[in-house]
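Student: Please take one part of this structure and go through it closely. I would like to follow a single element from its own geometry out to its surroundings.

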Amino acid sequence: MNNIQVLGKFLDQPILVSKFQRTVPTILTAGAAAYTIQKVNATPKEKRKKCAIKTGITLGLTAASAIAAPYIASAITKRPLGDSLNTVKNKNKELIDSFVKETNLQGTTKEILNKGKEKILSFKEIKRLFEDIKDKNFLEKLIPSPQNVSAKDIFSEIGYLSVYGAVPVIGGIAGGIAADKVTDKKNWKEKIPNKIKEGSYQYLANIFMCNVGAGIALGILEKLKITSKSARAAGMTAGIILTGIIGGSKIANLIGEKFIDPICYKDKKHKNNDDILDINFIGKSSSEYIAKNKCKHNHKCRERKPEVLDIGLHTDDIATVSLLSGLKWIEPALPIMYTLSGYRAGIGYRN
């Protein structure tokens with residue numbers, strides 16, 4: 001095995017994935033606390049108390065929702081979660097004990113396997129095992145390889161992932177509204193539309209539509225009988241970009257303009273005067289529109305565009321379909337990724 005394949009096997013260790021999954025809530029909680037402290041310290045002293053309350057509530061509810069998301073999604077879609085750490089350890093012990101007994105294995109390789117019953121093996125130990133042990137069936141059971149998935153398999157996961165991603169976004173919006181209500185009792189309602197519009201953007205462009213795009217692309221590749229992993233990776237990446245980053249962005253902005261704005265601003269009609277938004281300027285900068293039309297409702301004048309961080313969040317889409325070796329550990333990290341989307345929704349990031 002070359003070093004890239006060994007690295008894939010190292011990251012795919014079930015016991016490593018399970019341990020990572022167990023530590024993610026701690027990582028997320030500590031990260032949220034650190035970000036809140038950093039944000040408060042960067043705020044002028046007279047505004048720190050308000051900042052602490054607002055950031056703490058918004059990020060706290062977002063993080064809590066993200067941690068609960070896999071359990072909620074599993075309960076709704078009836079999709080089982082991965083094995084617990086204790087279950088993985090028991091399976092490892094049973095598999096390794098049986099193999100050692102049958103092969104009468106001795107020496108360093110036996111010591112490595114005994115360690116693998118309950119602990120994460122190092123890169124060198126993984127490489128040693130795959131060099132010394134010729135029983136590929138045993139090695140595959142010990143550290144299963146990612147399988148080439150079909151379009152049907154991806155679409156069967158969309159329901160689960162859709163709920164999974166929706167929970168932190170809804171939690172972020174709820175947290176943001178609650179934070180505004182506590183810190184800005186007079187104007188908190190006016191900030192709700194931006195949170196809903198950013199939430200719809202995050203969900204459609206960064207979560208839901210990307211999975212759809214990957215599935216459609218893979219379905220086309222299957223029809224063309226293309227099985228190359230590099231071609232599948234390129235095709236699915238293109239599907240994610242076209243359907244998610246571009247298509248999802250357009251759909252989210254359209255929903256904001258056609259549905260959310262009319263509901264949230266039903267008392268403000270689109271008229272051609274100095275006080276009301278001219279719909280022809282949607283997508284232009286707020287400063288450009290304000291300078292020409294004295295727009296008082298400048299928070300509606302800007303169309304949300306994909307940014308670098310938005311594109312970075314699509315790592316989970318590629319990991320979901322397991323195109324490349326060693327990406328199983330991404331799934332436990334989804335709460336961290338989705339917390340970014342939820343928090344951006346909660347603060348109404350678009351403005």
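Tutor: What follows is a close look at helix 4 and its surroundings.

This is a predicted model, in which local features need pLDDT of at least 70 and side-chain atom pairs count only at pLDDT 80 or more, while totals for chains, interfaces and linings use all residues. Residues are numbered from 1 along each chain as its sequence is written, and side-chain values use heavy atoms, with hydrogens and water left out.

Helices here are DSSP runs (H or I, at least four residues), numbered from the N terminus. Helix 4 takes in 19 residues, 85–103. The expected span of a helix is 1.5 Å times one less than its number of residues. For helix 4 that gives 27 Å, and its end C-alpha atoms are 27 Å apart, so the two agree.

Next, the two sides of the helix. Buried means under 20% relative accessible area, exposed over 50%, and partly exposed in between (1.4 Å probe, protein chains only). Leu85, Val88, Asn92, Ile96, Phe99 and Val100 are buried in helix 4. They lie on the same side of helix 4 because they cover an arc of only 95° around the axis, the arc being that of the directions from the helix axis to the C-beta atoms. On the face turned away from this buried side are the exposed residues Asn90, Glu94, Lys101 and Glu102.

The cover over the buried residues includes helix 2 (14–41), helix 5 (107–115) and helix 7 (136–142). Contact means heavy atoms within 4.5 Å. Phe99 is one of the residues that Ile133 touches, not counting residues up to four places away in sequence.

A nonpolar core is a set of buried Ala, Val, Leu, Ile, Met, Phe, Trp, Tyr and Cys residues joined through side-chain atoms within 4.5 Å. The largest one has 16 residues, and Ile133 is among those with the most contacts inside it, as are Leu113 and Phe138. Helix 4, helix 5, helix 6 (123–132) and helix 7 each supply at least two residues of this core. In soluble globular proteins, nonpolar side chains tend to be buried together.

Finally, the end of the helix. Asn104 comes just after helix 4 and has a positive phi of about 55°. Most residues other than glycine have a negative phi. Asn104 sits in the loop between helix 4 and helix 5, and its 58% relative accessibility is why Asn104 counts as exposed.
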